[in-house]
Amino acid sequence: MLAGIGVIGFTYYSTNVVLPDQIKLPLATTIYASDNKTQIAKVGEQNRTFVSIKDIPEWMRNAVAAAEDRNFYQHSGVDYKGIARAAWNNLTGGDKQGASTITQQYARNAYKNLKDDSYGRKVKEAIVASKLNDQFTKDQIMEHYLNTIYFGRNAYGIEAAAQAYFGKPVSKIDVAEAAVLAALIKQPEPSSTHQGYDPAVNPTAARERWNYVIGAMVEEGWLDSPNHPARPTAYPEKTLKTPKESRAGQKFGVNNPIGNVINYLVPEMREKKLCTDNEAEATDRKPLCATMLREGGYRIRTTIDPKVQNAIIKATQRSTKGSELDGARKNIMAAAVSIDPRNGRVLGYYGGDDGTGTDYAGKNTDSAGNVTGGHSPGSSFKIYTLAAAIEAGKSIDSRWKGRAFTPDGVKYKVSNAGTDNPSCGDSCTLRESTLKSLNVPFYHVSEDIGPDKIVDMAKKAGVTMMWRTDTNPPKGHDLTKAKASDLAPDPFYHVVSYGQYPITVLDHANGIATFANKGVYNKAHFLLSAEKQNKDTGKWEKLGGEQLKPDPRINPDVVADVNDVLKDYPGRINHRLDDGREAAAKTGTWELRDGSPHNGDAWTIGYTPQLATAVWVGNKGKREAIKLNNGKDITGSSMPGEIWERIMDGALKGADRITFPPAANIGDPNSGNGTPPPAPEPQGPNCDILGGLFCPDQNNNGGGNNGGGNNGGGNNGGGNNGGDDNDGPGADTNQLPTGPGQRNQGGGAGGGLLPTPTAPRIRE
């Protein structure tokens, strides 16, 4: 006995008790939408949010004491009477009891070296508890305890528990709800011998335990006594959440659709110097970037708009019932990004269902360190070519050759999707060439102004990376770190004019947002603000946040002419927005591989002054032909167009209808290499004498009445097979024979076999 006392005394005075405020408990970082209310994710090692004792109602503290340690406010950290009672109960064959006080439980949960089940541990636990009781008030110990313990449903600490079981902060918890949470502590999850006290798992035992807690509170005078609440009359079934409804029941971390958004936050915080990669510089307010989200304790407000994000998910996610991919072929994948052009905020983002996997909307890094992630944009890239041409002095009314030809020094001829000889022949205006998505005129534009001007325009708009396709894997080039003149025509050849070289969905959305914003670039970003919680006060302290730097990059007159052309495009592909809302758009597809009549990538991009959205549809995994369930090839105007229209309508519902400025009509209309338009045939004054019998046929006008509508190029000009209008609905029924320069599908990505100065453009 004396020896035991000696050991205890020595241990007491030799044990170095770390103060609770020095113990770094894993905290969760909560990610919010732009409204700063909608919680979109939690990340970290544990789902825990620190809460100050002043924000924990007194009845919540008393309920916990009633459940776990009735004498908490009287004993010195160790309940010796309780120990004796438990020992006697164990010796006489009763239920095994541990007699651990709240202070002892806190010590056990907070200190890693108190986890084993031994008498030595129990002695040390009692000593630590006693010393804690000497140094801290009961309220301080209760605060640390309630922020430490586990409540089930992946909820650590009382704040996370209140959210998990009742969907509200602990400060709003009433007496009945407090008793439910307190009842959980004894055993929150099932074991091999007991189902635990989660009401959703073991409702009968949970109610029994709740009654025990309420009864103990009454016995201790914490209910039904002066200055205390009344005893609750009913179990709080109506406010209790199921695990499925519980916020803490979400997958914890980045392995969910919003995970790809979270992956952008740390790089942005690094860029804004809110964290550091230098361990010597790390402080509580400026932590290490590599560990900040994992160690937690942050509240981050993102740019994500719940309305826009919901519209994207409903239209794009395969697992969402009624989406465009619901029931689609297994190889089909979609990605979409929506940006507010006025500030660069990413309002909605979908790049896949798992932030730990491939992000189909952004950049990825493979196991060898290669940056991957782009998709060939096809004719949707012509927005940059058109702008570069106008900037170089070419009017949208300038005329260009449109017939297929074989350029000097290349193997294959340049053609248009579905036809070598478009209705406009060698007199195609830039406007007509854009709306019919002809490739040949744009190739001639690139030869005229230089492909570097096109690359530079894409760079100014917001495209940060392009991939060359003659290497395996495709090699990415950072446009922000290189001059366009050093990248074109090698490796980016004239086929850049109609979208051979892959870019990301995020970059494309950022690029078109610049056109929606009159040529003023705002960098796409996800972070609005970041806060760190002060553990001493419980208050949130702002670390930093959004830093807008609007940059006028493109002549607004150039943008006005581009928009004047593209605002006619939604009508051409039968994807007009609701309520007559004006929008500019462009589609694009890219072939599966050289010589294939099928597509591997399909896009629709488009914008209003308030919202820019880019949609890509392609392959998930192995590159195969992308087809609808009816066997038809997916083109830009089909599945991507449907997704784009749904997103824009859903996101803009109720928003003001804003129109684009009128065309500036700059540039030289005589600057192209095409032939002048043929003179109109003279018509005699008596043409209609016989009812127009001998008048020229006004319907078979070579350009088509629908100009991209259901006859896809007109009644004669391109036939009923899609003709010139690569992305019109008629393109899907094209039955032209395949061969050099022709495709039987007619996607807007450029169609047919396209020239390459080196290797074939196969992107596996």
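**Exercise 1. In what order do the strands of the open sheet that holds β5, β4, β18, β17 and β16 lie, and which pairing do they have?**

Start with the order. This is a predicted model, and in it the five strands run β5-β4-β18-β17-β16 across an open sheet. The pairing is antiparallel. Next, look for the edges: β5 (345-350) and β16 (584-591) each pair on one side only, which marks them as the edge strands. Then check the twist. Neighbouring strands here are turned by 10° against each other on average, direction ignored.

Now zoom in on one pair. Strand β17 (residues 599-607) and strand β18 (residues 612-619) pair in the antiparallel sense over six bridges. Find Trp603 and look across: its bridge partner in β18 is Trp616.

**Exercise 2. Work out the layout of the sheet with the order β2-β1-β3-β13-β14.**

Step one is the pairing: this open sheet of five strands is mixed. Step two is the edges, which are β2 (39-43) and β14 (540-545), each with a partner on one side only. Step three is the twist, and here neighbouring strands are turned by 20° on average, again ignoring direction.

Follow one pair again. Strand β13 (residues 527-533) pairs with β14 in the antiparallel sense, over five bridges. Ser529 stands opposite Gly545 in β14.

Finally, add a helix. Helix α10 (residues 259-271) lies across β1 (29-32), β2, β3 (298-302) and β13, and runs at about 80° to β13.

**Exercise 3. Describe how α7 and α8 meet, then place Lys168.**

First, find the two helices: α7 covers residues 158-166 and α8 covers residues 175-184. Their axes come within 11 Å and cross at roughly 115°. Angles of 65 to 115 degrees count as roughly perpendicular, so α7 is roughly perpendicular to α8. The crossing is right-handed.

Second, pick out who touches whom. On the α7 side you'll find Ile158, Ala161, Ala162, Tyr165 and Phe166, and on the α8 side Glu177, Val180, Leu181 and Leu184. Sort them by class and you get eight nonpolar, no polar and one charged residues.

Third, look at the loop between α7 and α8, where Lys168 sits. Skipping neighbours within four places in sequence, Lys168 contacts Ala162, Gln163, Ile173 and Glu177. Thr239 is 71 residues away from Lys168 along the chain, yet their C-alpha atoms are separated by 9.7 Å.

**Exercise 4. Track down some backbone oddities in the loops: two cis peptide bonds and a positive phi.**

Begin with Pro473, in the loop between β10 (465-467) and β11 (476-478). The peptide bond from Asn472 to Pro473 is cis, with omega near 0°. Move on to Pro491, in the loop between β11 and α17 (505-516). A cis bond joins Asp490 to Pro491 as well, with omega about 15°. Last stop is Asn227, in the loop between α9 (203-219) and α10. Asn227 isn't a glycine, but its phi is positive, at about 65°.

**Exercise 5. Decide where to be careful with this model.**

Take the overall score first: the protein chain averages a pLDDT of 83, and 80% of the residues score at least 70. Then hunt for weak spots. Residues 247-251 fall below 50, and this stretch has ten contacts in the model beyond near neighbours in sequence. Residues 688-764 also stay under 50, with 215 contacts beyond four places in sequence. Where pLDDT is low, the predicted coordinates shouldn't be read in detail.

Methods:
Residues are numbered from 1 along each chain as its sequence is written. This is a predicted model: local features need pLDDT of at least 70, side-chain atom pairs count only at pLDDT 80 or more; totals for chains, interfaces and linings use all residues. Side-chain values use heavy atoms; hydrogens and water are left out. pLDDT is the predictor's confidence in each residue, from 0 to 100. Contact means heavy atoms within 4.5 Å. Two strands pair if DSSP finds at least two bridges between them. Helices (H or I, at least four residues) and strands (E, at least two) are DSSP runs, numbered from the N terminus. Axes are lines fitted to C-alpha atoms, for helices over the stretch in contact, and angles run from 0 to 180 degrees between N-to-C directions. Angles under 35 degrees count as roughly parallel, over 145 as roughly antiparallel, 65 to 115 as roughly perpendicular and the rest as oblique. A crossing is left-handed if the near helix is turned anticlockwise from the far one by less than a right angle, and right-handed if clockwise. Ala, Val, Leu, Ile, Met, Phe, Trp, Tyr, Cys and Pro count as nonpolar, Asp, Glu, Lys and Arg as charged, and the others, Gly among them, as polar.
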